[in-house]
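Student: Got a minute to go through this model with me? I'd like to begin with the core.

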Amino acid sequence: MARPLRALVGMILLSGPAGAAPLRVASLAPSLTELACDLGFASNLVGRSSACDFPPAVAALPVVGDFGRPTQEALLAARPDLLVLTDIEQPAALDAARAAGLRVRVLPCESWAGLEQAALALAAELGDPARGSNWVTRLQARRKALADRVAGAARPRPRLFVEVWGEPLTTAG
């Protein structure tokens, strides 16, 4: 059964010929831009979305579209080997990528496990899977240390709702 496009939240990897390790990356999602940088692949970034602004150095990259909306001309001008995004508004953009001979992979990124899988997949796509494994190990250690720190808190933990995006409704955590 086909899922509605808005429900298809994940990381979409479009890369060149099979077996070739992509070196040039364009990101249309701020979270994935930051992930690529945190993994140590900042120098591989050649394009970003208009919403990608962290770390501050990415502001110098050319804008190749909006969040989840590639601009074909700008994207092609950046000549990425790999495009990462968390959602796409226009399925025709994927059709155009496929028609250009690009490979498409969809990786969910809706949970901690999804984020870990995204890190592993991105590092593997860029030819250094150990970076992804090391990042995931550090993330898990930081989460455990934080959980241990707050586990014995005497006072009740506050409850908070943060709306990240209104349509579709998206929240943190």
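Student: Which residues of the largest nonpolar core touch the most other members?

Tutor: L35, L39, L45, L122 and W135 do, out of 22 residues in that core. Keep in mind that this is a predicted model.

Student: Which elements each supply at least two residues of it?

Tutor: Helix 1 (30-38), strand 6 (82-85), helix 4 (112-125) and helix 5 (129-151).

Student: Take L39. What does it touch, leaving out residues up to four places away in sequence?

Tutor: A119, L122, R131, G132 and W135. L122 and W135 are also among the core members that touch the most others.

Student: What else is there in the way of a separate core?

Tutor: There is a second one, with 11 residues. L75, L85, I88 and L94 are among them.

Student: Why would such side chains cluster at all?

Tutor: In soluble globular proteins, nonpolar side chains tend to be buried together.

Student: Back to helix 1. Which residues are buried there?

Tutor: L32, T33, L35, A36 and C37. L35 is also on the list of core residues with the most contacts to other members.

Student: And what happens just after helix 1?

Tutor: G40 sits there with a positive phi, about 95 degrees.

Student: You listed C37. How many disulfides does the search of the whole structure find?

Tutor: Zero. For C37, the nearest cysteine sulfur is that of C52, 9.2 Å away. A disulfide would need the two sulfur atoms within 2.5 Å.

Student: Why does C37 count as buried?

Tutor: Because its relative accessibility is 16%, and the cut-off for buried is under 20%.

Student: And C52, what is its nearest cysteine sulfur?

Tutor: That of C37, at 9.2 Å, and C52 is in no disulfide either. C52 counts as buried because its relative accessibility is 1%.

Student: Let's zoom out. How many helices and strands does the chain have?

Tutor: Five helices and nine strands.

Student: In what order do they run?

Tutor: From the N terminus on, β-β-α-β-β-β-α-β-α-β-α-α-β-β. Two helices come in succession before the closing pair of strands.

Student: What share of the chain is buried?

Tutor: 35% of its 173 residues.

Student: And the surface, how much is there?

Tutor: The accessible surface is about 10,400 Å². Carbon and sulfur atoms hold 58% of that.

Student: Last one. Of the contacts with a separation of 6 or more, what part comes from residues 24 or more positions apart?

Tutor: 58% of them.

Note on methods: Residues are numbered from 1 along each chain as its sequence is written. This is a predicted model: local features need pLDDT of at least 70, side-chain atom pairs count only at pLDDT 80 or more; totals for chains, interfaces and linings use all residues. Side-chain values use heavy atoms; hydrogens and water are left out. A nonpolar core is a set of buried Ala, Val, Leu, Ile, Met, Phe, Trp, Tyr and Cys residues joined through side-chain atoms within 4.5 Å. Buried means under 20% relative accessible area, exposed over 50%, partly exposed in between (1.4 Å probe, protein chains only). Helices (H or I, at least four residues) and strands (E, at least two) are DSSP runs, numbered from the N terminus. Contact means heavy atoms within 4.5 Å. Accessible areas come from the Shrake-Rupley method with a 1.4 Å probe; for residues, only the protein chains shown count as cover.
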